[in-house]
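Visitor: I am new to this structure and would like a close look at a single part of it. Please keep the account plain.

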Amino acid sequence: VTITKSITIDGTHGAGFGSILAAGTNGVNINDSATATPGAIVVRLRGLSINGAGTGFDGIRFLSGRTLYVEDCAIYGFRGNGTNSDGIEINLTGGTGTFTVSVKDTIIENNTGDGIKHTAVPGTLNCSYDNVLLAANNNGLEVLAGTANISDSVIHNNTLNGMVATGGAI
């Protein structure tokens, strides 16, 4: 799924989760950099199972936009790109101002990369993680830029670290 404008994808109505099978690719790419107003979209992903099937690259890649909400999702099985296969990769490379990411009531597990990874950010990145499970990833949470606020979450059984901050703050 490639997202270039503000949208809500809500898989919670009806029989249960909506799902994305991302074998050999990324699950969700969020990138409004080629639009008339880059760095402006707001994306909500709710009630989704995002399955990398052992060969997917990243569950969610947030490259350009203003705000990302991930709620009640399961992101797992991203192993196709070795230690670069992250559950959620936040790698905002353009725009200015404050960018926001909120992940709530979500399970991110069994990825060969990080559960959640923040990389280069041109402005200010504020992230909040509430009731998140980060398990069996390379690092549970790796913060290379921005700020991560964590509450009521479990981070365990990751290969290297539960949490690591080398250019940002936890």
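Leaving aside its neighbours within four places in sequence, which residues is Arg66 in contact with?

Guide: The model shown here is predicted. Beyond its neighbours within four places in sequence, Arg66 is in contact with Gly39, Ala40, Ile41, Thr96, Gly97, Thr98, Phe99 and Thr100. With Thr98 there is also a polar approach: a polar atom of the Arg66 side chain lies 2.9 Å from the backbone oxygen of Thr98. Arg66 itself sits in the loop that runs between strand 7 (60-64) and strand 8 (67-71). Its relative accessibility is 24%, and because buried means under 20% and exposed over 50%, Arg66 counts as partly exposed. Asn126 is 60 residues away along the chain, and its C-alpha atom is separated from that of Arg66 by 11 Å.

The strands on either side of this loop lead further into the model. Strand 7 belongs to an open sheet of 7 strands with parallel pairing, in the order 1-4-7-10-12-14-17. The edge strands of this sheet are strand 1 (2-3) and strand 17 (161-165), each pairing on one side only. Within the sheet, strand 10 (residues 88-90) pairs with strand 12 (residues 116-118) over 3 bridges, and Ile90 stands opposite His118.

Leu68 touches Ile30, Val43, Leu45, Ile60, Phe62, Thr100, Val101 and Ser102, with residues up to four places away in sequence not counted. The largest nonpolar core has 35 residues, and Leu68 is among those with the most contacts inside it, as are Ile30, Ile60, Ile88, Ile90 and Tyr129. Strand 13 (residues 124-135) gives the most to this core, with 5 residues.

Terms used:
Residues numbered from 1 in each chain as written. Predicted model: local features only at pLDDT ≥ 70, side-chain atom pairs only at ≥ 80, totals over all residues. Heavy atoms only, no water. Helix = DSSP H or I, 4+ residues; strand = E, 2+ residues; numbered from the N terminus. Buried < 20%, exposed > 50% of the residue type's maximum accessible area, 1.4 Å probe, protein only. Contact = heavy atoms within 4.5 Å. Polar contact = N/O pair within 3.5 Å; in protein donor to acceptor, adjacent residues only side chain to side chain. Pairing = 2+ DSSP bridges. Core = buried A, V, L, I, M, F, W, Y, C linked by side-chain atoms within 4.5 Å.
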